Each structure stands twice: as structure tokens, then as C-alpha cells.
Amino acid sequence: MTPQELAQHLASILTEIVAARGSDVVVTEQDTKVDRPKNRDHGDWASNAAMKFAKRIGANPRELAEEIAARAAEIDGVAKAEIAGPGFINITLDAASAGETARRVVEQGEAYGRGDALAGQRINMEFVSANPTGPLHMGHTRWAALGDSTARVLRAAGAEVVNEYYINDAGAQMNKFGRSVLAAALGEEAPEDAYPGEYIQTLGKRVAEQIPDLAEIAASDREAALEQAQELGYQLQLAEIKDSLERFNVHFDVFFSERSLHTAGENGEKSPIEGAIDRLRAEGHVFEEDDAIWVRTTAFGDDKDRVFTRGNGIFTYFAADAAYYLSKKDRGFGEKIYLLGADHHGYIGRLKAIAGAAGDNTETDITVLIGQLVNLNGARLSKRAGNIIELDDLLEWLGTDALRYWLARYPADSPLALDGEKVRSRTNDNPVFYVQYAHARTAAVDRNAAAAGVDRSAFAPELLTHATETDLLGKLQQYPAIVAGAAELREPHRIARYLEELAAAYHRWYDNCRVIPMGEEPVEDLHRTRLWLNDAAGQVLRNGLDLIGVSAPERL
RNA sequence: GCCUCCGUAGCUCAGUGGAUAGAGCAACGGCCUUCUAAUCCGUUGGUCGCAGGUUCGAAUCCUGCCGGGGGCACCA
């Protein structure tokens, strides 16, 4: 009996009761969702449905609860159903019914916890999108971890998700980057507004190696040299970014070039930006004023209209944003998710307005997730001059698993101050090791069981009666709902918090219940059944860790 | 000024209207001839920023204050 099945039973019971009373109130499974009470005395699962429906159907909450409980007690697998307080219904499962979960988890394996709530949805998930003019740094890591984990959770809920990185490879920043790289390659003094940082010198050296005659080209045609240096520097830097992300266990399906939005088609077709402006103009959202092209975003809730062209005729960044949005729409994405830092908060209004101007629903077709900034206050961090901390250095210092876990375990809208020493520590004030250790323990038990002759030839769930066993089973039963909730709310941190609870329940169980008999005691069905439970715990720990992109080691 | 996020134990933070508000750390005290003690058990610790409101019930929803972060470009 899973909580979902219990909720279904309660929904049909309540539907009949409501109908018998002549009410046409509709009862859904959502209304009878049960939760795990904090207090053991309140049973395995509790429902507040009687309190929620009493008023709507004109009944006394406790009487309604009595009526529901009486019939809930008859459900196959329910040991007892009691009412408490103002009208809670506390349900206790019989041990065999609860214990079945262990077998179910093992049989479903990696599929356990996956659902179909978002089936059929095609979602574009854009995140990181850092300028390709330098290495990824601390500020990007939180979005990389959260974006990738969110995408994984959405996929677990049945959605088709494309991870996308928008490369700002057009405009003034790129030119500045090109001049910086060229100067470094030629061994010249850096231009006044050059990008700072050693990486420019490194890129310059590599460019000089790969274009041996760069100096000659520069002497005769400075512009040509700049173009070549800029292009090669860009490609090298982008490759570095991709490598860093892969090391961070973050994979992007699409790297979308801003430049491609500015480029006209081969047969003299307009560029995507021009095409986008034409389309929006045809819908009546574009106007001209003060020698500039504007889009009337105020018609869709923005606080001011926005310009598409600057005075010099060059398209604004926002014009490219609009064309990019239309590209996502044209590529068949329903929901477009943008994961942005709090410093981009001002973009929400105009992005939503573009969605509206494109004919999309500004509530359901676009989601802008704003994350608060992260800072790392470990004193050792400033070994590198300046306060830019590169992702690669972080990975070397802290490791992918620890960094991803810590970045994933807080909600995006909560400001985050990481303590580097804590992230790095190998003690139990470090939740990532606590959870990974729980998984390693399941693997150790598995190895030892095999050596001790405990096998899986029997499964007797009615024997799983120890308090730590019912607790652990309850946690395992909650997992699918946790995944569904995390997907619905786009909050992957719920997975991490759940894993910490699951790990705690597992450690407590391990401490109290032996899978392998002591000394000369015989192997019994209880031990064999516990091995199933151990397998199930390991499986769910693996499934959950995978959703936040963290490894599940067999040994620590 | 306007928009937005945050304010919960000494610290770092969970808590999608439910029961006595939780976890880890810190402090103090226990369990290793063990399926690896990176685990486990116990004790101490609270005006959920403040004040109203909504309701059977509010840390959670609404309003107003107070305090802090971020944002309000023909920059990218």
C-alpha cells in the first residue's frame, strides 16, 4: 500500500459519502492526500480530508472523520484507522502491506520514483548562459547545479527537457575580448579597457601558437588579425567552458549562438532578429519613435516600452532576446524556463511581455526563476588575486559531488553563504558525505550478506515490524511524492533534504536491525527480507542522488 | 520612490493552511571483541522581525510597518 493508493481509496470513500449526503462537491485524489505524521502515535499516514470537507458539505468534522475512518479501516492492508484532534484520520498499515514497498522498489529499480505528471510536455531549460569571454566562476556554479538538477527532476516527472546555453557571442563585449586576446597573442601591452585576468594571456599564447603568422597579418591588416584572434580565442574559451561544465556533471543539449540571430540567410533572407521584428510588427506590437524601433511591452504588463534598435541603428540585446524567444517557440517548446540571477530580476517583465507579444500565455509558456546570489566566505578562497573564483578551481578544491550537493540543497530564492571548509569536510556536519555514506553502507551490507550466505530467496514483509523498519519503509514510500512535488515546484533542494532524512532513517535501521546474523545464529527469513529492504534503501538513495547529479559510491 | 527576495535555536538553514515548529553544527553526556563508529543514543537551546486581518486551525495566506540583499539602461 503506497500513500498514493491510500489517497485513491480515501477519495472514493469520501466521494460516496458526499454523494450519499446529496452534495455535488467533487473529491479528487489531491484532496485526500495523506502525509506522514511527525508523531509516531498518529499512525503511519494521516488525512485532514474530513476537516477540509466538513464545511463544504455542512457536516461536523469529527462525525465526518468517524464515517471515513470506519470505512478506511476496512481497506485491505489497513490495520486501523482512528480519529484524533479536530478531525484527523490516523491510519496504520499492517506490516505486510507496508513492507511490500521494499519489493516494489527493488523491482522498479531506477524507475522507482519516476512519474508522468509532466508527460507530453516539451520544456526548454535555459541556464548559465555566461559570456564566452572568460572562464566560468563562482557566480555561475549555482545556476549550473540548480538548472541541471531541475531539468533532471522535470524529466523524472515525465517531461521532455532540453538544456540550453545561450552564448552571447555578438556585440561589444566580444570585440573587447578580441582586442584583449590579440594584444596578448602579439605580446603587446593590454588595451586600456582590456579584460583583466591571466587567462587572457594563456588564450593569447594558444592563439599565437595556432596562427603562426598572426604578427605578419597584423602588420598588413590589423582588422583581419583581430577577426582571426577573436574567433579563435572565442572557440578556445567556449571549449574550456564546455569542459568545465562536463566536469561539473552538467550537460547542455544545445549551445545557442546569439550571433546566429544577427546573421542573414544565404539567399538574402532577413536575419532572425529582423524576421522577429517583422512578425511582432504584423501583430501590431512594434512602433517607431525618435528614430528607433520600439516594442510595446507595456501592453503585456512591462513597466515601460523597450527599444529594439539603438540610435546608431544597431539592435539592442533585447531584440536578440525577442528573436531567441521566438526561436524557442518555433522549435516546439511549450514551457520556456529561464534561470536567472537576482541581478537580472528587472528582466522578468520584459521577457514575459515578449512571450505575450509572441502570442504565448505569459503564465504557463514562460517561467522565469530568479535565484539569489551565492558567496563563499571561506577565508582560504582569496589565494587567487581578486575575488573571481573560477569553477575549475572550486572543483579542484571541493570536488564535483560536494559542490553540486551543497548548491542543490538550498532553495534558489534563499541567499546562500557557503563555508568552504564545511563543504570540504569529511565529517557528519557534511550532509553530502552523510548521504553518500548511507549508500556505501547499503553496498557494504550487500557484499557482506553475500559472503555470509544471506540471499534473497525469501521475502516475508510481515516480519518488518521494528520501529526503525516502519520508519524506513515510510520514507521509501514518500519518495515518489517528493519527486513529483520537486518537479511541480521546480525545487530540486527537496530531493536533497529528503535524502538526508532517508539516510538518517537508514542509519538508524542499520544500527538496530541486523541483516547478517550474529555469530553462530542461523540465517532466517527475517534476514533475507531485510536484505530486500537494504536493497530498496540503496536504490532510492541512488535514484535521488542521480537527480542532483551526485555520485553514489559503493565505498567511501 | 517603485519592483522583488529574505528575516525561524548561539551558528548554517529546512518547513507546497494542520497535531507539541524541525535538522545539522556548536555545548554537555553515553555506545566500538561491530553487517566499516564518516554511524547511533541522550540533554540543553524558540516572542517563527513587529502589529493587525482571513479561518475550525497561520511560521505558511492578506495588509501595514521595521531591518537586510538585489534590481529599476537606446549596457552586454
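The legends below accompany an overview and several close-up views of chain A in a predicted model.

**Figure 1. Overview of chain A in the predicted model.**
The secondary structure of chain A consists of 20 helices and 13 strands. Along the principal axes, its C-alpha atoms occupy a box of roughly 90 × 65 × 40 Å. Of the 556 residues in chain A, 52% are buried. The accessible surface of chain A amounts to about 25400 Å², and 47% of that area is supplied by carbon and sulfur atoms. When contacts between residues at least 6 apart in sequence are considered, 71% of them join residues at least 24 apart.

**Figure 2. The two annotated domains of chain A, as placed by UniProt.**
An unreviewed UniProt entry assigns residues 4-93 to the feature "domain: Arginyl tRNA synthetase N-terminal". Over residues 4-93 the chain is 39% helix and 18% strand, and the C-alpha atoms at the two ends of this stretch lie 13 Å apart. The feature "domain: DALR anticodon binding", also from an unreviewed UniProt entry, is placed at residues 435-556. Over residues 435-556 the chain is 69% helix and 0% strand, with 11 Å between the end C-alpha atoms.

**Figure 3. The crossing of helix H11 and helix H12.**
Two packed helices are described by the angle between their axes and the distance between the axes. The axes of helix H11 (residues 272-282) and helix H12 (residues 317-330) come within 9 Å and cross at roughly 80 degrees. Because this angle falls between 65 and 115 degrees, H11 is roughly perpendicular to H12. Helix H11 contributes Pro272, Ile273, Ala276, Arg279 and Leu280 to the contact, while helix H12 contributes Ala319, Ala320, Ala322, Ala323, Leu326 and Asp330. By class, the residues of this contact comprise 9 nonpolar, no polar and 2 charged.

**Figure 4. Arginine 404 and the residues around it.**
Arginine 404 belongs to helix H15 (residues 400-408). Its relative accessibility is 0%, so arginine 404 counts as buried. Apart from neighbours within four places in sequence, arginine 404 is in contact with Ala145, Asp148, Ser149, Arg152, Phe248, Asn249, Val250, Ile548, Gly549 and Val550.

**Figure 5. Two loop residues with positive phi, asparagine 249 and arginine 490.**
Most residues other than glycine have a negative phi. Asparagine 249 has a positive phi, near 65 degrees. Asparagine 249 lies in the loop between helix H9 (222-247) and strand E6 (254-257). With a relative accessible area of 35%, asparagine 249 is partly exposed. Asparagine 249 is also one of the residues in contact with arginine 404. Arginine 490 likewise has a positive phi, of about 55 degrees. Arginine 490 is located in the loop between helix H18 (467-489) and helix H19 (493-512). The relative accessibility of arginine 490 is 17%, and this residue therefore counts as buried, the cut-off being under 20%.

**Figure 6. Arginine 542 in helix H20.**
Arginine 542 is placed in helix H20, which spans residues 525-547. A relative accessible area of 33% makes arginine 542 partly exposed. Arginine 542 and glutamine 436 are separated by 106 residues in sequence, yet their C-alpha atoms are 9.0 Å apart in space. Beyond neighbours within four places in sequence, arginine 542 is in contact with His439 and Ala552.

Definitions and conventions. Residues are numbered from 1 along each chain as its sequence is written. Chains are lettered from A and ligands numbered from 1 in the order in which they are written. This is a predicted model: local features need pLDDT of at least 70, side-chain atom pairs count only at pLDDT 80 or more; totals for chains, interfaces and linings use all residues. Side-chain values use heavy atoms; hydrogens and water are left out. UniProt positions are given in the numbering used here, feature names are shortened, and annotations may be inferred rather than shown by experiment. Helices (H or I, at least four residues) and strands (E, at least two) are DSSP runs, numbered from the N terminus. Axes are lines fitted to C-alpha atoms, for helices over the stretch in contact, and angles run from 0 to 180 degrees between N-to-C directions. Angles under 35 degrees count as roughly parallel, over 145 as roughly antiparallel, 65 to 115 as roughly perpendicular and the rest as oblique. Contact means heavy atoms within 4.5 Å. Ala, Val, Leu, Ile, Met, Phe, Trp, Tyr, Cys and Pro count as nonpolar, Asp, Glu, Lys and Arg as charged, and the others, Gly among them, as polar. Buried means under 20% relative accessible area, exposed over 50%, partly exposed in between (1.4 Å probe, protein chains only). Accessible areas come from the Shrake-Rupley method with a 1.4 Å probe; for residues, only the protein chains shown count as cover.
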